[in-house]
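Hi everyone, thanks for making time. I'd like to walk you through one structure, so have a look at the screen and I'll talk you round it.

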Amino acid sequence: MLHKILIANRGEIAVRIIRACKEMGIETVAIYSTADDRGLHVDLADEAICVGPTKIQDSYLNMNNILSAAVATGCDAIHPGFGFLSENSTFATLTEELGLKFIGPKGTVIDQMGNKAKAREMMIQSGVPVVPGSDGLIETVEEGKAIANRIGYPVLVKASAGGGGRGMRIIRDDSEFEELFQTAKLEAKMAFGDDSMYMEKFIENPRHIEFQILADQYGNVVHLYDRDCSVQRRNQKVIEEAPSPVLDQKTRQRMGEMAVLAAKTVGYENAGTIEFLLDKHHQFYFIEMNTRIQVEHPITEMITGIDLIKEQIKIASNLPLSFTQDEIKIQGHAMECRINAENPHQNFKPSPGTIEVLNLPSGFGVRVDTAVYQGYEIPPFYDSMVGKLIVHGENRDEAVAKMKRSLEELVVTGIDTNIDFQYAIMDHPDFISNDYDTSFIQQHMRELEVG
Ligand code: ADP
């Protein structure tokens, strides 16, 4: 078993990983920027090393400093969490070259899946259904228009290096093609330093359904069922639930098999997620693979009883998976609300600042993953997540009721939050009756804003 892990991250995910390590008897090293010296992860880890100033390029993305910190403190592995360097193949490869274990897949696999156009091609070859679209990259406007006319408008042009919902545009006809294609390209260049684009048919009103997979070094791959992440704002997840309340048994089984096939195709190791869209006719299509632990992983833990972070560490310690597909069962229903420091009435403007009063909900089936505390100042330099409120009920109705009472108990003052906005979603008749898709927030923004 690994004995000392450096956590190359901050905030709640760093705390989440430190907690798992403690329970496993593994020592931990936290890293922090000068803006984060009061971070909970710094307090909870056995050791903490400052890796640079406020700017993420100089600290949380500073590979040299992070790798030096890991070597200097005698770590035998690095857990990257999500965001930051978690999907950086160079970082993964450098970690392994130093003789440390990168808790995630090989750098070559991160590269293959991180390039979304390439990932699409590999899935087509292995027989995993993908959204109809371009075979590879689109080089010119003319080529793009020709493909759009072949598959039929509306289409979505997407950045091959994309993530976080950025670098994509819906295009509805030839006349707007050039302008929207160029803006998407520009956005991709600025955000990812790479403006290569591909195209998919725009699926109208889909559900976003993803499968969690785990793969060990010995070729064993299992899935831990699905998460429904269709409540989104600007293609970013806001609420997730597991299992998806729209899947019938047959489709669930078929999607699970395809998720496992996708992971096997690329020789995947460790935890990963295969994302699909499901259309109105219950056809599903692969859209991308995330080669890391995800924000919404706790809802899978709640319905399967499996600690995903511990499994990641066991896999990285060369252990084989300790369960088979048949042994993984869905129990009850889980939901997660992302609680952010932002103002929904001001176009979700971030609201950093000091938390004056904090009351976290608790009780049977309630879990809060957070790194904030009363008196903590949320720095303006990083993401605006305050924490994740997770509930587990016997069924969906109970999960909704538990989430509502938990949101009522949750008090955060001193900053603006989206707590009331989340409550308004939980209270919306269409959400309650499971009559929603990825356009839900956009469609109901007025009602949700009033709260
Ligand atoms: P990112 O890597 O930026 O997160 P994804 O490819 O995972 O991008 O897509 C994010 C979201 O964008 C999806 O959950 C979905 O809501 C929407 N989306 C992506 N592709 C399509 C598509 N072909 N048709 C309709 N919506 C899509």
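Let's start with a pairing. Strand 1 and strand 4, which covers residues 77-79, lie parallel and are joined over three bridges. If you want one contact to click on, take Leu6: its bridge partner in strand 4 is Ile78. Before I go further, keep in mind that this is a predicted model.

Now the other neighbour. Strand 1 also runs parallel to strand 2, residues 27-33, with four bridges joining them. Here you can pick out Ile7, which stands opposite Ala30. And how do you get from strand 1 to strand 2? You go through helix 1, residues 11-24, and the three pieces together make a right-handed β-α-β unit.

So what about the two faces of strand 1, which spans residues 4-7? Both are covered: Lys4 and Leu6 are buried on one side, and Ile5 and Ile7 are buried on the other.

Okay, on to charges. Side chains of opposite charge can pair when their charged atoms come close. How many salt bridges does that give us here? The count comes to 28. I'll show you three of them.

One is Glu269 with Lys106, at 3.8 Å from N to O. These two are 163 residues apart: Glu269 is in the loop between helix 9 and strand 12, and Lys106 is in the loop between strand 5 and helix 5. Are they buried or exposed? Glu269 is buried, at 10% relative accessible area, while Lys106 is partly exposed, at 42%.

Next up, Arg120 and Glu200, whose side chains meet at 3.9 Å, N to O. Again the pair links distant parts of the chain, with Arg120 in helix 6 and Glu200 in strand 8, 80 residues apart. Arg120 is buried with a relative accessible area of 3%, and Glu200 is buried too, with 1%.

Last pair: Glu275 and Lys237, where the closest N and O atoms are 2.9 Å apart. Glu275 belongs to strand 12 and Lys237 to strand 11, with their positions 38 residues apart in the chain. Both Glu275 and Lys237 are buried.

And which residues does that last pair connect with? Through salt bridges that share partners, Glu275 and Lys237 belong to one network with Glu210, Arg227, Glu240, Glu296 and Arg338. Try colouring that set on your own screens. That's my tour, thanks for listening.

Key: Residues are numbered from 1 along each chain as its sequence is written. This is a predicted model: local features need pLDDT of at least 70, side-chain atom pairs count only at pLDDT 80 or more; totals for chains, interfaces and linings use all residues. Side-chain values use heavy atoms; hydrogens and water are left out. Buried means under 20% relative accessible area, exposed over 50%, partly exposed in between (1.4 Å probe, protein chains only). Two strands pair if DSSP finds at least two bridges between them. A crossover is right-handed if, with the strands pointing away from the viewer, the path from the first strand over the helix to the second runs clockwise. A salt bridge is a side-chain nitrogen of Lys or Arg within 4 Å of a carboxyl oxygen of Asp or Glu.
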